[in-house]
Amino acid sequence: MDLERLPPSPAPGLVNLVVEIPAGSRNKYEYIPEAGVMALDRVLHSSVRYPFDYGFVPNTLAEDGAPLDAMVIMEEPTFAGCLIVARPIGVLDMIDSGHPDGKLLCVPAADPRQDGIRSIRQIATTQLEEVAEFFRIYKNLEGRTTTILGWQNSDCVAALLERCIRAAQGPLSGDAEAGNPPHQGPGKSSPDH
């Protein structure tokens with residue numbers, strides 16, 4: 001599975017999302033770009049399970065040094081490695097092990113039942129809190145902490161996505177001189193996301 005030629009955004013307002021972890025799983029899978037496969041990274045220590053299909057936007061680089069994380073609201077879980085064209089409707093801002101770690105919340109473009117959803121304001125507050133609570137506690141038994149900063153609506157998505165796409169394209173003139181580290185390359189994954 002070579003993701004280098006897969007654009008992060010196939011059309012305005014959409015992202016390509018590669019699922020690493022299906023909803024309901026305690027298994028934490030990670031994409032290994034050098035081998036082009038999904039691998040089992042670990043089993044969550046806590047009894048919680050991923051609330052939505054969870055993965056990343058290929059060929060992006062977020063502030064934590066890994067591709068931009070994304071989750072998608074699905075009626076049925078898909079599978080590790082599934083490509084979903086999705087519409088981001090918001091961002092969960094959080095700090096994971098001391099690093100900013102925003103996560104896109106999306107709906108699938110291929111689901112006509114979710115065609116009218118354009119904002120996290122259309123998602124039940126209790127459902128958003130369940131997702132935030134999962135990310136607040138899912139690493140506690142591993143001795144790692146996460147801090148939830150809150151939800152941002154869809155109007156914050158474009159700027160975040162653009163920053164992550166630019167970061168994945170590598171340092172521009174002056175970045176190396178300014179001390180900004182070069183990126184790990186497209187599709188690189190971090191063991192902590």
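Here is a chat between two people about the cores and aromatic rings of a predicted model.

Colleague: Let's start inside. Which element supplies the largest share of the largest nonpolar core?

Modeller: That core has 22 residues. Strand S6 (83-96), strand S8 (103-108) and helix H1 (125-137) each give at least two of them. The largest share is five residues, and the element they come from is H1.

Colleague: And which residues touch the most other members of that core?

Modeller: Look among the 22 residues of the largest nonpolar core. General background helps here: in soluble globular proteins, nonpolar side chains tend to be buried together. The names to find are Tyr50, Met71, Ile89, Leu92, Leu105 and Phe135.

Colleague: Take Met71, then. What does Met71 touch, if I skip residues up to four places away in sequence?

Modeller: Quite a list, so let me split it. Met71 touches, among others, Leu17, Phe52, Asp53, Tyr54, Leu92 and Lys103. The rest of its contacts are Leu104, Leu105, Cys106, Val131, Phe135 and Trp151.

Colleague: I saw Leu17 and Leu104 in there. How many residues are in the second, separate core that includes them?

Modeller: Leu17 and Leu104 belong to that second core, and so do Leu68 and Val72. This core is separate, and its residue count is 19.

Colleague: Now the rings. How are Tyr50 and Tyr138 arranged, stacked or edge-to-face?

Modeller: Their ring centres are 6.3 Å apart and their planes stand at 80°. Planes over 60 degrees apart get the label we need. So the Tyr50 and Tyr138 pair is edge-to-face.

Colleague: How many residues apart are Tyr50 and Tyr138 in the chain?

Modeller: Tyr50 sits in the loop between S3 and S4, while Tyr138 is in the loop between H1 and strand S9 (146-153). The pair links distant parts of the chain, with a separation of 88 residues.

Colleague: Is Tyr138 buried or exposed?

Modeller: Buried means under 20% relative accessible area. Tyr138 has 1% relative accessibility, so Tyr138 counts as buried.

Colleague: Which residues form the aromatic cluster with Tyr138?

Modeller: Phe135 is one of them, and its ring centre is 5.3 Å from that of Tyr138, with the planes at 80°. Besides Tyr138, the cluster holds Tyr50, Tyr54, Phe134 and Phe135.

Colleague: Last one: which residues is Ser46 in contact with, leaving aside neighbours within four places in sequence?

Modeller: Ser46 lies in the loop between strand S3 (37-43) and strand S4 (53-57). Ser46 is buried, at a relative accessible area of 7%. Its contacts are Arg26, Ile137, Tyr138 and Leu141.

Definitions and conventions:
Residues numbered from 1 in each chain as written. Predicted model: local features only at pLDDT ≥ 70, side-chain atom pairs only at ≥ 80, totals over all residues. Heavy atoms only, no water. Core = buried A, V, L, I, M, F, W, Y, C linked by side-chain atoms within 4.5 Å. Buried < 20%, exposed > 50% of the residue type's maximum accessible area, 1.4 Å probe, protein only. Helix = DSSP H or I, 4+ residues; strand = E, 2+ residues; numbered from the N terminus. Contact = heavy atoms within 4.5 Å. Phe/Tyr/Trp six-rings, centres within 6.5 Å; stacked < 30°, edge-to-face > 60°.
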